[in-house]
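Here is a short briefing to read alongside the model. Take a look at the structure first, and then we can walk through it together.

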Amino acid sequence: MAYFPLFVEMEDRRCLIIGGGKVAFRKAEAMAEYGARVRVIAPEVCRELQKFGEEKGEIFLRKAEPSDAEWAEVVICASDDHQLHEEVFAFCRERNIPVNTADDKALCTFYFPALARQKDVVVGISTGGQSPAAARYLREQIQKQIPAYFGELAETLGRFRPLVMEQIGTQKEREAFFRELLQKGLQQEGHLTWQMVQEELTNWDERRDKER
């Protein structure tokens with residue numbers, strides 16, 4: 001069954017990761033990149049996670065317990081202890097805490113997507129847990145297609161939104177104008193200035209006047 005892609009703000013949300021290996025490290029890095037407060041619990045951790053704990057998160061060197069999930073808003077299981085994963089999953093599901101278990105589709109209430117990113121432009125790919133390799137392949141293909149300037153262009157367009165909404169009256173017209181402005185930005189390889197936008201708005205008004 002396909003899963004609905006729901007994009008969630010992770011800034012300052014509490015994320016518990018159970019496990020101390022490379023998989024746990026990749027999950028920790030990904031969550032920290034999106035602003036989460038990451039806590040890792042494992043009897044021992046790899047060198048990368050040790051460094052991660054020094055710079056970006058918390059590391060507790062002990063065996064995790066299901067009750068550790070009480071602290072968290074999101075839980076990721078990435079150890080080699082299947083029984084612990086089952087217990088954590090049951091604990092989280094009973095309390096409606098989102099939980100993902102690496103390489104075990106049955107112990108997930110959400111899937112960790114493969115992510116293609118350019119600043120705030122994020123594309124999430126999921127195969128419903130069927131094939132992480134297929135999701136990674138699509139991520140790689142999509143990442144190659146995103147222009148290097150596209151994230152910056154999206155930020156620039158966002159800065160112009162108040163101006164456009166003030167000067168163009170209807171939602172339908174604003175959508176059409178932003179499509180044109182996006183094309184202008186693509187032609188300029190991401191370079192848009194206030195002067196360019198003002199010129200586009202003037203041209204837009206002149207065209208609307210002629211149509212009327």
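**A parallel sheet and its surroundings**

Ile 17 has Val 40 of strand E2 standing opposite. That pair is a handy place to start, and please keep in mind that this is a predicted model. Ile 17 belongs to strand E1, which covers residues 14-18 and pairs with E2, residues 37-42, in the parallel sense over 5 bridges. From there we can move out to the sheet, the helices and the chain as a whole.

**The chain as a whole**

- The chain holds 7 helices and 7 strands.
- If you follow the sequence, these elements come in the pattern β-α-β-α-β-β-α-β-β-β-α-α-α-α.
- The radius of gyration is 22 Å, whereas a compact globule of 212 residues would have one near 17 Å.
- Taken along the principal axes, the box filled by the C-alpha atoms is roughly 70 × 35 × 30 Å.
- Buried residues make up 38% of the 212 in the chain.
- Counting contacts between residues at least 6 apart in sequence, 50% join residues that are at least 24 apart.

**The sheet**

- How are the strands of the open sheet ordered? The 5 strands run E3-E2-E1-E4-E5, and their pairing is parallel.
- E3 (58-61) and E5 (99-101) stand at the edges with a single partner strand each, so one side of each has no neighbour in the sheet.
- From one strand to the next, the twist averages 15°.
- As general background, strands of a sheet pair through backbone hydrogen bonds, in either a parallel or an antiparallel way.

**Strand E1 and its two partners**

- Is E1 largely enclosed or left open by the rest of the structure? It is largely enclosed, because 4 of its 5 residues are buried.
- On the E2 side, Cys 15 has Val 38 as its bridge partner, and Ile 17 stands opposite Val 40.
- On the E4 side, E1 and E4 run parallel and are joined by 4 bridges.
- Across that pairing, Ile 18 of E1 stands opposite Cys 77 in E4.

**Strand E4 and the edge strand E5**

- Val 74 and Ile 76 point one way from E4, while Val 75 and Cys 77 point the other way.
- Are these four side chains buried or exposed? Val 74, Val 75, Ile 76 and Cys 77 are all buried.
- E4 also pairs with E5, in the parallel sense and over 3 bridges.
- Within that pairing, Ile 76 has Asn 100 of E5 as its bridge partner.

**Helix H3 against the sheet**

- Which strands does helix H3 lie across? H3, residues 82-94, lies across E1, E4 (74-77) and E5, and runs at about 165° to E4.
- His 85 is found in H3.
- With a relative accessible area of 5%, His 85 is under the 20% limit and is therefore buried.
- Apart from neighbours within four places in sequence, the contacts of His 85 are Cys 77, Ala 78, Ser 79, Thr 101 and Leu 107.
- Among those contacts is Cys 77, the E4 residue that stands opposite Ile 18.

**Helices H5 and H6**

- The axes of H5 (residues 150-167) and H6 (residues 171-187) come within 11 Å and cross at roughly 145°.
- The crossing of H5 past H6 is right-handed.
- From H5, the contact is made by Phe 150, Leu 153, Leu 157, Phe 160, Arg 161, Val 164 and Met 165.
- From H6, the contact is made by Arg 174, Phe 177, Phe 178, Leu 181, Leu 182, Gly 185 and Leu 186.
- Sorted by class, the H5 contact with H6 comprises 11 nonpolar, 1 polar and 2 charged residues.

**Two positive phi values**

- Asp 12 lies in the segment before E1.
- The phi of Asp 12 is near 65°, a positive value in a residue other than glycine.
- Asp 12 is partly exposed, at a relative accessible area of 48%.
- Where is Asn 96? Asn 96 lies in the loop between H3 and E5.
- Asn 96 is not a glycine, although its phi is positive at about 60°.
- With a relative accessible area of 69%, Asn 96 is exposed.

Definitions and conventions
Residues numbered from 1 in each chain as written. Predicted model: local features only at pLDDT ≥ 70, side-chain atom pairs only at ≥ 80, totals over all residues. Heavy atoms only, no water. Pairing = 2+ DSSP bridges. Axes fitted to C-alpha atoms, helices over the stretch in contact; angles between N-to-C directions. Contact = heavy atoms within 4.5 Å. Left-handed = near helix turned anticlockwise from the far one by under 90°. Nonpolar A, V, L, I, M, F, W, Y, C, P; charged D, E, K, R; others polar. Rg over C-alpha atoms; globule rule 2.2 N^0.38 Å. Buried < 20%, exposed > 50% of the residue type's maximum accessible area, 1.4 Å probe, protein only.
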